[in-house]
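Open the model in a viewer and keep the selection panel at hand. The stops below go from the core to the open and enclosed spaces.

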Amino acid sequence: MACPAQTWVETEVRAAKYEKYELFQWEYEEIMSDMRLVVAGAGGRMGRTLIEAISDTDGAVLVGAIEAPGSAVIGRDAGELAGLGVNGILVTHEIEPLLAEADGILDFTVPTATVILAAQAARRGLVHVIGTTGLAAEQEGIVAAACATARIVKSGNMSLGVNLLAALVKRVARALDADFDIEILEMHHGRKTDAPSGTALLLGRAAAAGRNIDLARHAVRVRDGHPGARRSGDIGFASLRGGTVVGEHSVIFAGPHERIELVHKAEDRMIFARGAVKAALWAMERKPGLYSMADVLGLSDI
């Protein structure tokens, strides 16, 4: 027996409402099970790449995008900025409302912004992934204090390749004696504002650890005029800027009549973004503390 037309229509409407409710519930539960991430510096090149990386990563979802007050991208859709199409996340300068609904922050900004975000992360016990470079000693201290309640992953470089390179640099520096001088050369695009790069300093710390020396006492960042002969045990840095270079780093061990060079060339910012998202997901399962990408990748004991 056929159903009356009116009853059939009513049943269809009810079914549609039920399906819509079920779909909503499924989407809501999926979002709640994913790690909810906020991108700071969303309008910059790295920020846009982070937004794209989150969209490509299972287990992570973008819930907020932050920029500095007065930024030209305030009010813009974060998905459109990243070339993904509309995602409904509008860029804002209001931090606190976003962090109240977030599990973590991805932060490749500037030192003054990073220390503010570290305090916010500490207040809420969030994950804070920091790729910002150029922090002063006082700012480093603020970040370190925040790890009492926040889970912080901080690194001058978030890529697998660079962190593996750092582990190798440490091993080589330990194996070779002081007859091998260590020099670190880096090149980046012309808009980079700090030097040496955070990655160069990361590699310098690895070399110093391998030699069991204090980098602050042995780093030579500037040579100009007549600086005199090279002191044994120093670790030299040289910085080049120009074009659109994403990042190139060479660690040179120059010994008597031979030279060893360890090199990494970044071809796309996505390697840093994927590393940052991986770090956030890893830190979600950890206790409060200050971690590095070496911890995330299991390289800290190399």
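**Stop 1: Val-153 and the cores**

Select Val-153 in this predicted model. Beyond its neighbours within four places in sequence, Val-153 is in contact with His-128, Val-129, Ile-130, Met-158, Ala-279, Trp-282, Ala-283, Tyr-291, Ser-292, Met-293 and Val-296. Now add Leu-50, Ile-54, Leu-106 and Val-129: together with Val-153, these touch the most other members of the largest nonpolar core, which has 38 residues. Elements giving two or more residues to this core include strand S1 (35-40), helix H2 (45-55), strand S5 (127-130) and helix H10 (270-283). H10 provides the largest share, 9 residues. A second, separate core has 22 residues, among them Leu-176, Ala-206, Ala-208 and Val-251.

**Stop 2: the largest pocket**

Select Met-46, Phe-108, Thr-109, Val-110 and Thr-132, which lie nearest the centre of the largest pocket among its 45 lining residues. The space here is about 1,200 Å³. Helix H5 (111-124) gives the most to the lining, with 4 residues. By class, the lining has 17 nonpolar, 22 polar and 6 charged residues.

**Stop 3: the second largest pocket**

Move to Gly-156, Gly-198, Leu-201, Leu-202 and Arg-205, the lining residues nearest the centre of the second largest pocket. Its volume is about 740 Å³. H8 supplies the largest share of the lining, 6 residues, and the classes are 19 nonpolar, 9 polar and 6 charged.

**Stop 4: the cavity**

Where is the enclosed space lined? Select Ala-178, Phe-180, Asp-181, Ile-182, Arg-211, Arg-230, Gly-233, Asp-234 and Ile-235, which line the largest cavity. The cavity holds about 40 Å³, and 4 of its lining residues are charged.

How values were computed. Residues are numbered from 1 along each chain as its sequence is written. This is a predicted model: local features need pLDDT of at least 70, side-chain atom pairs count only at pLDDT 80 or more; totals for chains, interfaces and linings use all residues. Side-chain values use heavy atoms; hydrogens and water are left out. On a 1 Å grid over the protein atoms alone, a cavity is a set of points where a 1.4 Å probe fits but cannot get out, and a pocket is an open set with protein on both sides within 12 Å along at least five of seven lines; lining residues have an atom within 4 Å of a point. Grid points are joined across faces, edges and corners, and a volume is the space filled by probe spheres set on the points. Ala, Val, Leu, Ile, Met, Phe, Trp, Tyr, Cys and Pro count as nonpolar, Asp, Glu, Lys and Arg as charged, and the others, Gly among them, as polar. A nonpolar core is a set of buried Ala, Val, Leu, Ile, Met, Phe, Trp, Tyr and Cys residues joined through side-chain atoms within 4.5 Å. Buried means under 20% relative accessible area, exposed over 50%, partly exposed in between (1.4 Å probe, protein chains only). Contact means heavy atoms within 4.5 Å.
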